[in-house]
Amino acid sequence: MTVRLGIAAESAGDARLLTALVDRILCEAFDWLDRGQPACLDGARVWCGLGDEPFLDSHQIPALATRAGLKIFGKFNGASGAADARSVRRALALFAKEDEPPAVIVWLRDKDGDNNRAEGFLQALAARPCTTPVALGLAQPEIEAWLICAWTP
């Protein structure tokens, strides 16, 4: 059985880096996987965006939601939405509409120096209508720092 892992990121490069890091973590965390060999996951998981796309470009979420006819309005448990709250709400609804929704959604976002960046994600997740687990990666200050930290000479 192949598990579908949804991914939302700001660019194709960010998505590639995130999938490589998550694959590496999975291979190191589970003894039944061939340690250190992310290729061992190829038959066990597939990364996906919407439709046939390899990832969901977070910049495209408003336009994709409009094309899908999603009308998403309202407060977040009575509060106005913080940064990214509406985008996360729309993305969760888009993933939920897929013929085969992902089992887990992994979202990567640069903090860009905003230490409150997670607030909107937490608002959307608390008010979300779906039950799909979501893992959030907030890169400080940006994903490029993860690349430097994760590199092994």
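**View 1. Leu 56 and its neighbours in the predicted model.** Leaving out residues up to four places away in sequence, Leu 56 touches Ile 7, Ala 8, Ala 9, Gly 49, Leu 50, Ile 61, Leu 64, Ala 91 and Phe 95; a contact here means heavy atoms within 4.5 Å. Apart from the core that Leu 56 belongs to lies another one, of 14 residues, including Ile 7, Trp 47, Phe 55 and Val 106. This is a predicted model, with residues numbered from 1 along each chain as its sequence is written; local features need pLDDT of at least 70 and side-chain atom pairs pLDDT 80 or more, while totals for chains, interfaces and linings use all residues. Side-chain values rest on heavy atoms, with hydrogens and water left out.

**View 2. The largest nonpolar core.** Leu 56 turns up again here, next to Ile 61, Val 88 and Trp 107, as the residues with the most contacts inside this 16-residue core. A nonpolar core is a set of buried Ala, Val, Leu, Ile, Met, Phe, Trp, Tyr and Cys residues joined through side-chain atoms within 4.5 Å. Buried means under 20% relative accessible area and exposed over 50%, with partly exposed in between (1.4 Å probe, protein chains only). Helix H2 (61–67), H3, E4 and H4 each give two or more residues to the core, and H3 provides the largest share, six residues. Helices (H or I, at least four residues) and strands (E, at least two) are DSSP runs, numbered from the N terminus.

**View 3. Helix H3, mostly covered.** Nine of the twelve residues of H3 are buried: Ala 85, Ser 87, Val 88, Arg 89, Ala 91, Leu 92, Ala 93, Leu 94 and Phe 95. From first C-alpha to last, H3 reaches 17 Å, close to the 16 Å expected at 1.5 Å a residue; that expected span is 1.5 Å times one less than the number of residues.

**View 4. Helix H4 and its buried face.** Gly 120, Phe 121, Gln 123 and Ala 124 are the buried residues of H4 (residues 118–127). Look down the helix axis and they fall within an arc of 160°, so they line one face of H4; the arc is taken from the directions from the axis to the C-beta atoms. Leu 122 and Ala 126, on the other side, are exposed. What does the buried set of H4 pack against? Its partners are helix H3 (85–96), strand E4 (104–110) and strand E5 (134–139).

**View 5. Helix H1 and the cysteines.** The 18 residues of H1 (residues 12–29) should span 26 Å at 1.5 Å a residue, and the end C-alpha atoms are indeed 26 Å apart. Among the buried residues of H1 are Asp 14, Thr 19, Asp 23 and Cys 27. Cys 27 has 0% relative accessibility, so it counts as buried, and Cys 48 does too, at 3%. The structure holds zero disulfides (cysteine sulfur pairs within 2.5 Å).

**View 6. Two positive phi values in the loop between H2 and H3.** Most residues other than glycine have a negative phi. Asn 77, not a glycine, sits at a positive phi of about 50°, and Asp 84, also not a glycine, has one of about 75°. Both are in the loop between H2 and H3. Which of them is buried and which exposed? Asn 77 is exposed, at 61% relative accessibility, whereas Asp 84 is buried, at 18%.
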